[in-house]
Amino acid sequence: MSVCGAARCWWIQTRGAVSLRVLQQNRTVCTTGAPESIREKLQAFPGGSIDLQKRQESGIAVLTVNNPARMNAFSGCMMLELEQRVHELESWTEGKAVIVKGAAGNFCSGSDLNAVRAIANPQDGMRMCEFMQNTLTRLLRLPLISVALVEGRALGGGAELTTACDFRLMTSDGVIQFVHKHMGLVPGWGGAARLVGIVGSQNALKLLSGAVKVDPDCGRQMGLVDEVLLCSSGEGETLTHAEQWLRPFIKAPAPVIQALKKVVVSGRELPLEQALKTERNVFGTVWGGPANLKALALKPKHK
């Protein structure tokens with residue numbers, strides 16, 4: 001065998017060994033980071049709740065982060081409850097939209113520090129990170145139009161939660177702030193990746209590195225906030241204002257709204273060919289359906 005041939009053979013064998021080690025490392029990370037391994041530890045930190053109200057007549061659900069004593073920070077049990085509530089929404093066939101809000105005039109201040117201190121080791125931190133990433137990704141992929149109603153403060157993980165919704169509405173005194181750097185951290189619940197998709201990489205870097213307090217005007221300018229409601233945090237009418245803003249977007253039967261959301265999600269996340277295939281398949285579920293036939297019956301025929 002020539003020197004060149006021997007060298008090429010050695011290079012192929014080395015590359016194969018490196019690839020195998022990488023795959024083994026990846027499998028190890030996936031195994032140790034499985035969400036099931038963190039559930040018992042999260043369950044050990046009670047407090048607060050994630051409340052879900054499904055309004056069948058309007059097709060709008062209200063998901064409330066409820067822990068006002070800690071500015072609606074997520075306890076371990078609340079993280080587990082959020083996953084369960086998302087699961088319930090995934091199977092809500094009559095639903096059209098979900099409004100995510102906080103209790104008592106504040107949105108959410110991220111993680112409860114008691115739970116954070118208790119699982120501060122890197123292994124548990126990674127498991128908690130993966131668990132919340134999975135849950136918030138499922139929230140964003142719901143076949144429902146999702147709206148974050150930001151009253152008061154949305155800080156840290158609470159700011160990340162706003163990015164897991166399709167739209168963000170803000171009261172006139174609301175604030176969104178990615179405060180992670182003050183804790184010596186970066187976003188870990190998928191908030192950075194989603195933020196780049198919403199406001200672009202330069203604006204995302206400004207908000208994260210500067211821990212900028214995003215007020216309604218700044219949020220509108222950057223594209224992070226879709227609408228500023230003409231009310232203040234804690235007023236009883238904020239939810240009504242949010243529902244009024246949402247109403248034009250859900251003025252159709254639930255199967256149509258859900259189909260629209262599905263094709264948008266596929267267009268955002270899949271390569272073009274796969275997104276086109278998904279769109280064809282979803283189109284087939286509504287073509288000739290009740291809403292389609294009713295609309296055709298109401299339209300005058302072309303002369």
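Let us start with a yardstick for burial: a residue is called buried when its relative accessible area is under 20%, exposed when it is over 50%, and partly exposed in between, using a 1.4 Å probe and protein chains only. What you have in front of you is a predicted model, in which local features need a pLDDT of at least 70 and side-chain atom pairs count only at pLDDT 80 or more, while totals for chains, interfaces and linings use all residues. Residues are numbered from 1 along each chain as its sequence is written, and side-chain values use heavy atoms, with hydrogens and water left out.

Confidence is a good place to begin the tour. The predictor's confidence in each residue is its pLDDT, on a scale from 0 to 100. The protein chain has an average pLDDT of 89, and 88% of the residues reach at least 70. Residues 1-34 are another matter: pLDDT stays under 50 there. For this stretch the model has 6 contacts beyond four places in sequence, a contact being heavy atoms within 4.5 Å.

Now for the overall layout. The protein chain contains 13 helices and 8 strands; these are DSSP runs numbered from the N terminus, with helices (H or I) of at least four residues and strands (E) of at least two. Of the 303 residues in the protein chain, 43% are buried. Among contacts with a separation of 6 or more, 73% are between residues 24 or more positions apart. The protein chain exposes about 16,400 Å², and carbon and sulfur atoms supply 59% of that area; accessible areas come from the Shrake-Rupley method with a 1.4 Å probe, and for residues only the protein chains shown count as cover.

Next, look at the charged side chains. Side chains of opposite charge can pair when their charged atoms come close. Here a salt bridge means a side-chain nitrogen of Lys or Arg within 4 Å of a carboxyl oxygen of Asp or Glu, and the structure holds 12 of them. Which residues are linked in a network of salt bridges? They are Arg39, Glu83, Glu90 and Arg138.

Arg138 is worth a stop within that network. Its side chain meets that of Glu83 in a salt bridge, with 3.7 Å from N to O. This pair links distant parts of the chain, with Arg138 in helix α5 (residues 122-140) and Glu83 in helix α3 (residues 76-90), 55 residues apart. Arg138 also forms a salt bridge with Glu90, where the closest N and O atoms are 2.8 Å apart. Here too distant parts of the chain are linked, since Glu90 lies in helix α3 and Arg138 in helix α5, 48 residues apart. How do these partners sit relative to the surface? Glu83 counts as buried because its relative accessibility is 16%, whereas Arg138, at 27%, counts as partly exposed. Glu90 is partly exposed as well, with a relative accessible area of 33%.

Another salt bridge joins the side chains of Arg141 and Glu269, at 2.8 Å from N to O. Arg141 is in the loop between α5 and β4 (145-150) and Glu269 is in helix α11 (residues 254-269), so the pair ties together parts that are 128 residues apart in sequence. Arg141 counts as partly exposed because its relative accessibility is 46%, and Glu269 counts as partly exposed at 33%.

Move on to the loop between β7 (175-177) and α7 (191-199), where you will find Lys181. Lys181 is partly exposed, at 42% relative accessibility. Leaving aside residues up to four places away in sequence, Lys181 touches Leu208, Ser209, Gly210 and Ala211. The C-alpha atoms of Lys181 and Leu208 are separated by 7.4 Å, although the two are 27 residues apart along the chain. His182 also has its place in the loop between β7 and α7, and it counts as exposed because its relative accessibility is 56%. From His182 to Ala211 the C-alpha distance is 7.9 Å, with their positions 29 residues apart in sequence.

Finally, visit the surface again. Leu113, Met183 and Leu185 make a nonpolar surface patch of about 300 Å². Patches are made of residues with over 30% relative accessible area and no salt bridge, with like charges joined within 9 Å and nonpolar side chains (Val, Leu, Ile, Met, Phe, Trp, Tyr) within 5 Å. Leu113 lies in helix α4 (residues 113-118) and is partly exposed, with a relative accessible area of 39%.
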